[in-house]
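Here's an informal walk through one protein model, strands to begin with and helices after that. Have the structure open while you read.

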Amino acid sequence: MLVVAGLTAIATFLYGQPAELSAPPYSRLDHALAGLGSVLLGLALVGALCLLWRPPSVDAWLLALASVPLTTLALYAQRNLPQAGLFYFGRYLVPELGPLVVLLALGGLFAGLDALGARLRRRRSLRAVDALGTLALVGAVAWPLVAQPVVRVHEHAGTERLVAAIAEALPENAIVVAGGEGWHSSHAFNQVGGALVLEHGVEVLPYRSAEAAYASLNALVVDGVAGDEAPVYLLLGEASHAYTRADGALIAALDDLLPPPLRARPVGLYELYSDRLTRDIEALPSRVTRSALRLGLLRVEVDPQLAGDAVQRWHFVDGEARGPTQLSLKGGRWTDGALCLSRKRDLAITLPPIAAPASVVLVAGPDSEGAAGRWRVRVGDQTLDLHPPPRRREQSTLGPFPLAPAVARGGATIRVRGGKAPSASRPCRDGDLAELRILYDRPGSQSTAEADAIATSWAPPRDLGHPPRRATWVRGRSLSHLRPGIRPKPAVEGQSLLIEAGAPLRFPRTALPPGAGAWIVHLTRVSGRPQTLEVRVDGTLIAAVELPADRRGSWQAPPIPWVASDAPAEVELRVDGPAGAAVALRDVAFFSETALAGPAEVR
C-alpha cells in the first residue's frame with residue numbers, strides 16, 4: 001500500500017506540472033538526487049521493492065513511520081500542485097521526502113543483510129558484512145561534508161540579532177506598521193515582522209503599498225485610534241538596492257517621506273549580512289552567496305508645523321459637506337445622511353483653486369464595506385489607477401494622489417463613480433463617500449536633522465576572505481511596479497516592469513526628498529540589443545543611459561545627478577533601439593545627498 005501510494009503521489013506530481021515548463025528542471029524536486037545521494041536513494045529503492053514483494057509481518061512500526069512524511073507530502077501537494085514549478089514547492093518537498101527515504105533505505109539494508117546471512121555460515125563473516133554495509137551507508141551520507149567543506153557553512157548565522165535589536169528599540173506597547181515598496185519589502189512584514197510577533201509579542205500591521213501605510217498611520221496617529229500610550233512605528237526595507245558612489249562609499253536609501261501631517265523620525269537603521277549556500281540543482285552546493293538585508297525603524301508622529309494648515313478635510317455627514325470651505329457637489333444622492341455613489345452617474349466635486357503642490361485622498365463610508373477599489377475616479381481628464389496591491393482584499397482609503405499643478409490651480413473637478421458593494425442590503429448599494437482630504441505636500445518641512453538614529457551592522461562570524469562593506473544611509477524613494485498609476489499599464493515580469501522600444505513608460509507624479517542627489521536605474525534583463533535608455537523628469541531629458549549587450553541578471557546604471565524640488569516629479573523612461581528591443585526594469589530610485597546616518601556601527 002505504501003509503495004502504491006508513493007507511486008500515485010509521484011504520478012500526480014508529474015501530471016500537475018505547468019504546461020509552459022517544457023524542459024527540466026521542472027521544480028526544485030530535481031535536486032533530490034544531489035540532496036539525498038545516489039547510495040541512499042538506491043537503498044531506498046531496494047527497500048521499497050522488498051516491502052512490495054515481502055510485506056513485513058512484525059515491523060508494522062516501519063510502515064507507520066514511513067506513512068507520516070508521505071501523508072505530509074500528499075497534503076502539501078494538494079495545495080500547491082498548480083504551482084509545482086515554483087522554487088518553494090521542491091524546497092519543502094525534498095526534506096519531507098528525507099525521512100521516508102531513510103526508512104526505506106534501512107529496510108533495503110536489512111533485507112540485503114538477511115539475504116547475505118542466509119548464505120554466509122560463519123558468524124564472523126556476517127558481522128563483517130554488517131559493519132561494511134553500515135559504514136557504506138554512513139559514509140555515503142557523511143562524505144559530502146568532507147568532500148565539499150562549504151556545505152558545513154552555517155547558513156544565516158546570527159540573523160536573530162537583527163530581530164532582537166529591533167525588539168529592544170521598541171517600547172512595550174508599541175504598534176509597528178511593517179512592509180513598504182522598497183527592496184526586500186516582504187522581509188519587513190513577513191520574516192522580521194513575523195518574528196517580532198511570535199518571539200517578542202509585538203503588535204505588527206503588515207502593508208504592501210504606500211497608500212495602505214498612509215491609511216493605517218493616519219488612523220493610528222492622526223485619528224488617535226492607537227491612543228496616547230501606544231507609540232506607532234514604521235518598519236520598512238531600504239528604498240532600492242544600494243549602490244557604490246564615486247568615492248567608493250556604499251550608499252543605502254530609506255524612504256522616510258510621509259504625507260502631511262505625519263512625520264517619520266528614524267530610530268534605528270539596521271544592516272544584516274548573512275551567508276547561504278548557492279543552490280545547484282544538479283550537484284551539491286560548491287559556492288556561498290552573501291546577501292544583505294537593510295531595514296529602517298522610524299517613529300511616526302504628527303508634525304506640529306503641519307498639523308494646522310497642511311491638511312484640509314471635508315466630512316460628508318447628515319446631508320452636507322462639513323469642511324473649511326464650500327464644495328460644489330453635483331450628481332450625488334443623500335440617503336440617511338450619507339453621500340451615496342452610483343455606478344451609472346458621476347459625483348462631481350469641484351475643489352477650490354490650489355496654488356501649492358497637493359494631493360487628494362478619498363475615504364469610503366461604511367456602506368462600501370472596503371470595496372473602494374472598485375470605484376472609478378477621474379481628476380480632470382485623467383482616470384486614476386485604483387487597483388489594490390496583490391493579495392489585498394479590502395480598501396477603504398484611496399490615495400494620496402498628487403494633483404497636476406495646472407489642474408489644481410484652476411480648481412480641479414473630481415468625478416467619482418461607485419462600484420458594487422459586497423452587500424446589496426446597504427442603503428448605498430454602490431458605495432458611499434465619507435471624507436475628502438487635501439494634503440499640501442511639503443517634503444522640505446519633514447526634516448530628519450534632529451534624528452537620533454544609530455546605524456548598526458552585523459556580519460557573519462567568518463568573512464570567507466570577503467569582508468562586507470558598511471553602508472552610509474541617505475534619504476531616497478524608489479519607483480517600481482508597486483506604484484499605481486503607471487502609464488500605459490505595463491507588463492510585469494516577476495518583480496520587474498517590461499519596457500519595449502518605442503513604448504515609453506511614465507510613473508505618476510511622486511514627491512521626492514528635496515535637494516541634490518542622483519537617480520539609479522536598476523535592470524534585471526536586457527534583450528534585443530537596445531542602444532540607450534532615456535530618463536526624463538517632468539518632460540526634460542536628464543540622461544541617455546548606454547545599455548549593455550543582451551544579458552540576464554542584475555545591472556545598475558551609473559548615477560544620474562539631479563536636484564529635486566519640493567514639487568512632485570513625473571518620471572518617464574524610454575528605450576531607444578530596434579523593434580523587439582526591451583529591458584526589464586526592477587526600479588528607478590532617487591538617492592538624496594541628505595544623510596540619515598554615517599557608516600554603520602559594527603557588531
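## Sheets, helices and shaky stretches

Four strands make up an open sheet in the order 24-30-26-27, with antiparallel pairing. Strand 24 (505-506) and strand 27 (540-546) sit at the edges with a single partner strand each, so one side of each has no neighbour in the sheet. Keep in mind that this is a predicted model.

Zoom in on strand 26 (residues 532-537): six bridges tie it to strand 27, and the two run antiparallel. Across that pairing, leucine 533 faces valine 545 in strand 27.

Now for strand 25 (residues 515-527). Is it mostly buried or exposed? Of its 13 residues, 10 are buried, so strand 25 is largely enclosed by the rest of the structure. Its antiparallel pairings, each with one facing pair of residues, look like this:

| Partner of strand 25 | Bridges | A facing pair |
|---|---|---|
| Strand 28 (residues 551-556) | Four bridges | Arginine 525 and arginine 552 |
| Strand 29 (residues 560-564) | Five bridges | Alanine 518 and proline 561 |
| Strand 31 (residues 582-597) | 10 bridges | Valine 526 and valine 583 |

The arginine 525 row is a fun one to click on: it stands opposite another arginine, number 552, in strand 28. As for strand 31, valine 526 has valine 583 as its bridge partner there.

On to the helices. Helix 9 (residues 210-222) has a set of buried residues: Glu211, Ala212, Ala213, Tyr214, Leu217, Asn218, Leu220 and Val221. Glu211 and Asn218 are among them, alongside nonpolar names such as Leu217 and Val221. Just past the end of helix 9, glycine 224 adopts a positive phi of about 80°.

Helix 3 (residues 38-53) is where you'll find tryptophan 53. Is that tryptophan 53 buried or exposed? With a relative accessible area of 69%, tryptophan 53 clears the 50% cut-off, so it counts as exposed. Trp53 also joins Leu45, Leu49 and Leu52 in a nonpolar surface patch of about 470 Å².

How far can you trust all this? Mean pLDDT for the protein is 82, with 80% of residues at 70 or more. Two stretches deserve a raised eyebrow, though. Over residues 80-88 pLDDT stays under 50, and the model gives that stretch 22 contacts beyond four places in sequence. Residues 444-449 also stay under 50, with 16 such contacts in the model. Where pLDDT is low, the predicted coordinates shouldn't be read in detail.

Definitions and conventions. Residues numbered from 1 in each chain as written. Predicted model: local features only at pLDDT ≥ 70, side-chain atom pairs only at ≥ 80, totals over all residues. Heavy atoms only, no water. Buried < 20%, exposed > 50% of the residue type's maximum accessible area, 1.4 Å probe, protein only. pLDDT = per-residue confidence, 0-100. Contact = heavy atoms within 4.5 Å. Patch = residues over 30% accessible without salt bridge, like charges linked within 9 Å, V, L, I, M, F, W, Y side chains within 5 Å. Areas by Shrake-Rupley, 256 points an atom, 1.4 Å probe, with all protein chains shown as cover. Salt bridge = Lys/Arg side-chain N within 4 Å of Asp/Glu carboxyl O. Pairing = 2+ DSSP bridges.
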